[in-house]
Amino acid sequence: MKNITILGATGTIGLNTLDVIQRHPQQFQVTALTANTDVDRLTELCQLWQPRYAVMADSQAAEQLHNRLKHSHPHIQILAGTEGLVQVASLPEVSIVMAAIVGSAGLLPTLAAAQSGKRVLLANKEALVMSGQLFMDAVTQHQAELLPIDSEHNAIFQCLPSCYERAGLATVGVNQIYLTASGGPFRNHDIEQLHEVTPDQACAHPKWKMGRKISVDSATMMNKGLEVIEACWLFATTPATIQVIIHPQSIIHSLVEYVDGSLLAQLSNPDMRTPIAHALAFPQRMEAGVKRLNLLEIAQLEFEAISLTRFPCLRLAYDAMSQGGTTTAILNAANEVAVQAFLDGQIRFTAIPQLIEKTLTHVTGRAATELQTILEDDQRARGFTAELVKSYGRDAGA
Ligand SMILES: NC(=O)c1ccc[n+]([C@@H]2O[C@H](COP(=O)([O-])OP(=O)(O)OC[C@H]3O[C@@H](n4cnc5c(N)ncnc54)[C@H](OP(=O)(O)O)[C@@H]3O)[C@@H](O)[C@H]2O)c1
């Protein structure tokens, strides 16, 4: 029986993880569940799963959860804030941590899981985008095991030989990695129409059901940009090795090209339970409740080149990774503030890349060897983008 902590249990990835786990009650025990403010959902999950710990990042929400559970479930310890998240990510009795908090709030608990030598199932790509080298060093130093949950990275991982980590991609004959992208909801929109799109339109992804932040990131293609950065760290490679291509059906989740001309791909229906089950069971396999892929029904798989004019966020992410240091944390912070401002109706969709580019021009990056420096630059970027949001307003943006 393996004990698991699920950071971000109330989100799309968290709930999919619980769905997979409930199919294998003999193998996994839920030790801790966390959320930010969704007290109703975490109450339900606590009643169902009876974890030893439940954490609300928001302290008022933690008090509400405590009041709801104290008589019926006195054995569940309720914790609050980042300290609580870090504590349940590092519990000695826990061997697996699902890192599925959205955004930079996931950095400290995910890093704590790596520093405690856990098997870390990484959905929270923002943690790696912010702290790249520092995070990978923690994984090595504390002998943690890092398994990717993002469907693209999980696909790449499945297409690589097991010795790639020791040998490096070039030594095992990798020539190129292809990251596939569905193209999101605006793949065929006129570029002029993008000025008018609403948050609900941006969140209506054609293939995947996801939280609102990552849905907007998919619509701007910043999600793919963050994934390029994530892939560079996970597979110890450079942006030049990674090419993004549009594949609207979202059946091939990524491909690895070898020097002998072989191209290996991982295919499955677009359902996050496949990569979650893969990482939970690795190196074995287990049933995930996912509909089997019927190749005759699919019949056709299409690919398109990507337009950096339509998706400038992807260019910004490639540039940030090439610059290195805290520049990727600055990119991530500016993106989080701009996306929230768009979701709150303060700025237009087309203003998102503009605010990020302005922030990257004004807030310069530094070497990212210390956590403190990364957190400071994250805050500097947030402050700068927030000021831009005020001055930009709803009517600005090309
Ligand atoms: N969804 C996908 O298909 C998918 C695929 C690949 C990678 N990912 C990555 O997985 C992560 C989660 O995505 P998602 O779609 O599951 O997001 P989501 O549905 O929005 O869920 C986010 C989770 O994080 C919690 N949370 C939000 N802000 C927090 C904070 N400040 N402190 C602590 N916890 C906080 C939320 O709690 P509340 O419910 O209380 O707000 C919720 O449990 C993201 O990094 C995303 O990029 C997602």
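Me: How many bridges hold S1 and S5 together, and do they run parallel or antiparallel?
Reply: S1 and S5 pair in the parallel sense, with four bridges between them. One facing pair is Leu 7 and Ala 99, the latter in S5. Keep in mind that this is a predicted model.

Me: Which strand is joined to S1 by five bridges?
Reply: That's S2, residues 28–35, which runs parallel to S1, residues 2–7. Asn 3 sits opposite Gln 29 of S2 there. To get from S1 to S2 the chain passes through H1, and the β-α-β crossover is right-handed.

Me: And from S2, where does the chain go through H2?
Reply: To S3, in another β-α-β crossover that is right-handed, with H2 covering residues 39–49. S2 and S3 run parallel and share four bridges. Ala 32 has Tyr 53 of S3 as its bridge partner.

Me: Which S3 side chains point which way?
Reply: Tyr 53 and Val 55 point one way, while Ala 54 and Met 56 point the other way. All of them are buried.

Me: What about S3 and S4, how many bridges there?
Reply: Four, and the two strands run parallel, with S4 at residues 77–80. Val 55 stands opposite Leu 79 in S4. H3, residues 59–69, completes a right-handed β-α-β unit with S3 and S4.

Me: Switching to the ligand. How many residues surround it, and which are the closest?
Reply: There are 27 around the ligand, and the closest are Gly 8, Gly 11, Ala 57, Ala 105 and Gly 211. The elements giving two or more residues to that shell are H1 (12–21), H6 (125–141) and H10 (212–220). H1 has the largest share, with three residues.

Me: What's the mix of residue classes in the shell?
Reply: It's 13 nonpolar, nine polar and five charged residues.

Me: Where does the ligand lie relative to the domains, and why?
Reply: Between domain 1 (2–149) and domain 2 (157–269 + 292–298), because both give residues to the shell around the ligand.

Me: Which other domain is assigned, besides domain 1 and domain 2?
Reply: The domain assignment also gives domain 3, residues 324–392. The centres of domain 1 and domain 3, taken over C-alpha atoms, are 26 Å apart. Each of these two domains puts nine residues into the contact between them. On the domain 1 side, the classes are three nonpolar, five polar and one charged.

Me: Back to Gly 8 and Gly 11. Which loop residue is in contact with them?
Reply: Ala 100 is. Leaving aside neighbours within four places in sequence, its contacts also include Ile 6, Leu 7, Thr 17 and Asn 124. Ala 100 is in the loop between S5 (96–99) and H5 (107–115).

Me: Is Ala 100 buried or exposed?
Reply: Buried, because it has 28 C-beta neighbours inside 10 Å, and 20 or more is the cut-off for that. Ala 100 is also 7.1 Å from Leu 122, C-alpha to C-alpha, although 22 residues separate the two in sequence.

Me: Which residues have a positive phi without being glycine?
Reply: Met 221, at about 75°, and Ala 299, at about 65°, are two such residues. Most residues other than glycine have a negative phi.

Me: Where are those two, and is each one buried or exposed?
Reply: Met 221 lies in the loop between H10 and H11 (222–234). Met 221 is buried, with 29 other C-beta atoms within 10 Å. Ala 299 lies in the loop between H13 and H14 (312–323). Ala 299 counts as exposed, because it has 8 C-beta neighbours inside 10 Å and the cut-off is 12 or fewer.

Me: Which peptide bond is cis?
Reply: The one from Phe 282 to Pro 283, with omega near 5°. Most peptide bonds are trans. Pro 283 is found in the loop between H12 (273–281) and H13 (295–298).

Me: How many residues of H12 are buried, then?
Reply: Eight of its nine, which makes H12 mostly covered. Among them are Arg 273, Ile 276, His 278 and Leu 280.

Me: And what covers them?
Reply: The cover over the buried residues of H12 includes H1, S6 (119–122), S7 (145–148) and H7 (151–159).

Technical notes
Residues are numbered from 1 along each chain as its sequence is written. This is a predicted model: local features need pLDDT of at least 70, side-chain atom pairs count only at pLDDT 80 or more; totals for chains, interfaces and linings use all residues. A residue is near a molecule or strand if its C-beta atom, placed from the backbone, lies within 6 Å of it. Ala, Val, Leu, Ile, Met, Phe, Trp, Tyr, Cys and Pro count as nonpolar, Asp, Glu, Lys and Arg as charged, and the others, Gly among them, as polar. Domain bounds come from an automatic or database domain assignment. Two strands pair if DSSP finds at least two bridges between them. A crossover is right-handed if, with the strands pointing away from the viewer, the path from the first strand over the helix to the second runs clockwise. Two residues are in contact if their C-beta atoms, placed from the backbone, lie within 7 Å.
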